[in-house]
Amino acid sequence: MSCQYSRRQWLSKAAAAASGAYLARGIPGRAAEAPASRVAVARCRTYSPNELLPVMEKMFDQLGGLGRLVNGKTVAVKINLTGSPTYRVGYLPLEDTHYTHPQVIAAAAHLMGKAGARRIRILESPWSTADPVQEYILRANWEPRDILGAAPNVEFENTNFLGSGRKYSRMKVPHGGYVWPAFDLNHSYEDCDVFVSIAKMKEHATAGITLSMKNCFGITPCTVYGTGAGEAEPTLIPKGGRGLIHSGYRGPSKSAPQELDPKSPREDTWRVPRTVVDLISARPVHLAIIDGIKTMTGGEGPWIREEQLGVAPGVLVAGTNPVNTDAVAMAVMGFDPLAVRGTPPFERCDSTLQLAEAVGIGTRDLKRIEVAGTPIAEAKFDFAAIRRKRRAAPPPPYGTRG
Amino acid sequence: MLRDTAIEVIDPAAAGSGGTLVKGVWPGVRMSRRGADADAGPTGVAWVDSNAWLARLTAARHPGAVWIDAPPEGNRPGTPQQYLITMADSAAAGARWLITLDNALAVGIAGRDPKSLAAWRRIGEASRFFAEHAGWAEWAPQAVVGVISDFAGTNEFMGQELLNLLDRAGQHYRIVFKNRMTADALTGLRAVLYADQDPPSAALRKQVLAFVESGGRLITAPVWGETPGKLSGPAAVPGYTERALGKGRVTMAAAAPDDPYVLANDSVVLVSHRYDLVRCWNSGAFWSYYTLAPDRARAAVQLLFYADRGPDAASVRVVGRWRKATISTIEEPAPMPVKLETQGEAVEIYLPQVSQYAALQLEG
């Protein structure tokens, strides 16, 4: 019999097998006790505040009301502004494809303010810069005042560096960590009572999907965990992406906690899902909101070399447990949340949901999760079918963007 | 003049007699020695060499034609795209590139090699295009900041590099010579930058502080000296403090700037991207030159894309209430209508596939 594998395919399979062996040894068995909580799903066709605000308000009510969560509290909101603000999918605005839409951010802030939030900090670690987030989003053609004016005491902070803090906050991973025992993060992730992840509903080249959990990968400051991070101490300004977390080719600044096992796999498809679980363990998510009104298929941003489509699933998903919420969102996307490595959308990577469930953060078993609002079957937008069709064709050529 | 081109044949030694000849660089994205990876600026942005700032500075200093002597780096063979970039980089800013071919191209042309002849024809087409549209560079450059300096002596490096790097940061600037300030030198600007090593003269100080009091911003360093107004706290960028003065602000660096890259990029944020005159998406490394016709009802935005492949699905936001836009390129010189979308006080224009250069002509 002749060999049907190319060298690349063979290496990929060999890596998967090695990771699988490591996985079998490394996954704890707390899935059965992982909590389940209600997840709200709603159809929402547009970003018009007239439609969006009542829909989101109803969803939060279905989750028990925002006041219970935010009244009198400092709320930190991690949004998703991945990649450069000058890099679009075709001619489409960034918020219609891979950035969390500003109207969703503003609506969430408005409703939090209405529910009594004392302070609302909108957080992101924008690509390779220490510029204020306001300046970054202007380059995306957004108006910062739309968000800052949504409620009293709304502010932005760039968490890709020390920011306005005096020192980095050391945040420990309670379950001990898959890869990291603790992280050094911008103070905003510690100086808050409530942490909210507002994500975009997307596939992801490295992690299969990116939803409320994967959104938190970006809470790591690149001054410590980035390509240009200082060897001994963090740099003053961030430079480049998070290549050192992806591939483990070097460690973060020595001032920060180092990896638990430098001999663990160096593949991003092994490391990124585990790092995400370590991050959401260290910085638990109290409210997960997933913007699937308009988004893209084919990956997390325009730099991914798969055919990309701007799509309008017209759906929002929200919950108080990020694993439960992501599980429901996966089902809305046409994927099986119980999928493991080797099955879509985790053909090449481990499932962040499985890893999070295994350490007891939340269940991904839909049988245990109550869905309020629109039933999954009615909200479904079949990313999985588009993925199958896309992958049956050769990838498109690269253009010049950036 | 060479047939069917606007290429003028001159003796390089005599180029300076009818104007000014200055030494430039072979423009484009600077490649590393391995050739595969582009060099990057301090924050990972591809490093671009350009003569556009030099063309403007020289023209502001010396009346008459400006010639840029920028031969292919190390006499390495240039691609047709690189020749187009080189010509446009000078010509869009109103100067003329002293055509210098690499040996391989020159030999190819002499030997009637079809590829070399095609490259030569393209250089001719480009020269004709820019000769026909020389007026665009003579219109009034639109600017957000004024760079005040003498750009000479101890201020040569900082002053000149600031111009170069403001271009890279996408900021539109006005060159302001501190020793020949006119009464309207700062009119229409949002901010001025003063990074010279010597303190300002009393007259300059008075004019700039009046500009601040009427709503402008001064970005400077301790060399500026005592400043009236009330300390209002740290600025949007670490390392600077702000004072409120009248309707404006004085933004003072904690120390004398030593890195023009940092100062250029800091200044863009200190002024705010809110006032960007041109924003571009999916463009890669680019430069834009926005000039307004004397009737103020027409404008030109010349766009230069430094990558070897032209941008794909690029769009451009230009400040101004423009109603109509057309695009011209070297390959398609006749103006073609392009889709334009009004966004408040600006318009967004969706570009078709273009090569390294495109000119937008706007009408109000």
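Which domains is chain B divided into? Let me start there, since it gives us a map for the rest of the talk. Domain 1 of chain B covers 12-132, domain 2 covers 143-273, and domain 3 covers 278-363. If you take the centres over C-alpha atoms, domain 2 of chain B and domain 3 of chain B are 29 Å apart.

Before going further, please keep in mind that everything on the screen is a predicted model. Its scores are ipTM 0.92 and pTM 0.92. Chain A has an average pLDDT of 93, with 92% of the residues scoring at least 70. The stretch to treat with care is residues 1-12 of chain A, where the pLDDT is below 50. Beyond near neighbours in sequence, that stretch makes 2 contacts in the model. For chain B the mean pLDDT is 93, and 93% of its residues reach 70 or more.

Now, how do the chains meet? Chain A brings 20 residues to the contact and chain B brings 22 residues. On the side of chain A that touches chain B, I count 5 nonpolar, 9 polar and 6 charged residues.

Let's go inside chain A, to helix 4, residues 102-114. This helix has 13 residues and spans 18 Å from its first C-alpha to its last, close to the 18 Å expected at 1.5 Å a residue. Helix 4 of chain A is mostly covered, with 12 of its 13 residues buried. Among the buried ones are A:Pro102, A:Gln103, A:His110 and A:Gly113. After the helix comes A:Gly116, which has a positive phi near 100°.

What does helix 4 of chain A give to the largest nonpolar core? That core has 116 residues, and the ones with the most contacts inside it are A:Ala108 and A:Met112. Helix 4 of chain A contributes the most to this core, with 8 residues. You can follow A:Met112 outwards if you leave aside its neighbours within four places in sequence: its contacts are A:Leu66, A:Val70, A:Val75, A:Ala117, A:Ile120 and A:Ala151. There is also a second, separate core of 102 residues, and B:Trp67, B:Trp136, B:Ala185 and B:Trp287 are included in it.

Staying with chain A, have a look at helix 10. All 11 of the 11 residues in helix 10 of chain A are buried, so this helix is largely enclosed by the rest of the structure. Polar and charged side chains are on that list too, including A:Asn324, A:Thr325 and A:Asp326. Just after helix 10 of chain A, A:Gly334 adopts a positive phi of about 90°. A little further on is a feature I'd like you to zoom in on: the peptide bond joining A:Pro344 and A:Pro345 is cis, with omega about 0°. A:Pro345 sits in the loop between helix 10 (322-332) and helix 11 (352-358) of chain A.

Over to chain B, and helix 2, residues 80-91. It has 12 residues and reaches 16 Å from first C-alpha to last, close to the 16 Å expected at 1.5 Å a residue. Helix 2 of chain B is largely enclosed by the rest of the structure, because 12 of its 12 residues are buried. B:Gln81, B:Leu84, B:Ile85 and B:Ala88 are among them, and those names come back in a moment.

Where is B:Gln356 placed? You will find it in the loop between strand 21 (346-350) and strand 22 (357-363) of chain B. Although it is in a loop, B:Gln356 has 28 other C-beta atoms within 10 Å, and the cut-off for buried is 20 or more, so it counts as buried. Setting aside neighbours within four places in sequence, B:Gln356 contacts B:Gln81, B:Leu84, B:Ile85, B:Ala88, B:Leu304, B:Phe305 and B:Gly310. B:Gly310 lies 46 residues away along the chain, yet the two C-alpha atoms are separated by 5.2 Å.

Last stop: two residues with positive phi that are not glycine. B:Arg112 has phi near 60° and belongs to the loop between helix 3 (103-110) and helix 4 (114-132) of chain B. Is B:Arg112 buried or exposed? It counts as exposed, because it has 8 C-beta neighbours inside 10 Å. B:Ser272 has phi of about 100° and lies in the loop between helix 8 (260-271) and strand 14 (278-281) of chain B. With 18 other C-beta atoms within 10 Å, B:Ser272 is partly exposed.

That's my tour, and thanks for listening!

Technical notes: Residues numbered from 1 in each chain as written. Chains lettered and ligands numbered in written order. Predicted model: local features only at pLDDT ≥ 70, side-chain atom pairs only at ≥ 80, totals over all residues. Contact = placed C-beta atoms within 7 Å. Domains from an automatic or database assignment. Helix = DSSP H or I, 4+ residues; strand = E, 2+ residues; numbered from the N terminus. Expected span 1.5 Å × (residues − 1). pLDDT = per-residue confidence, 0-100. Core = buried A, V, L, I, M, F, W, Y, C linked by C-beta atoms within 7 Å.
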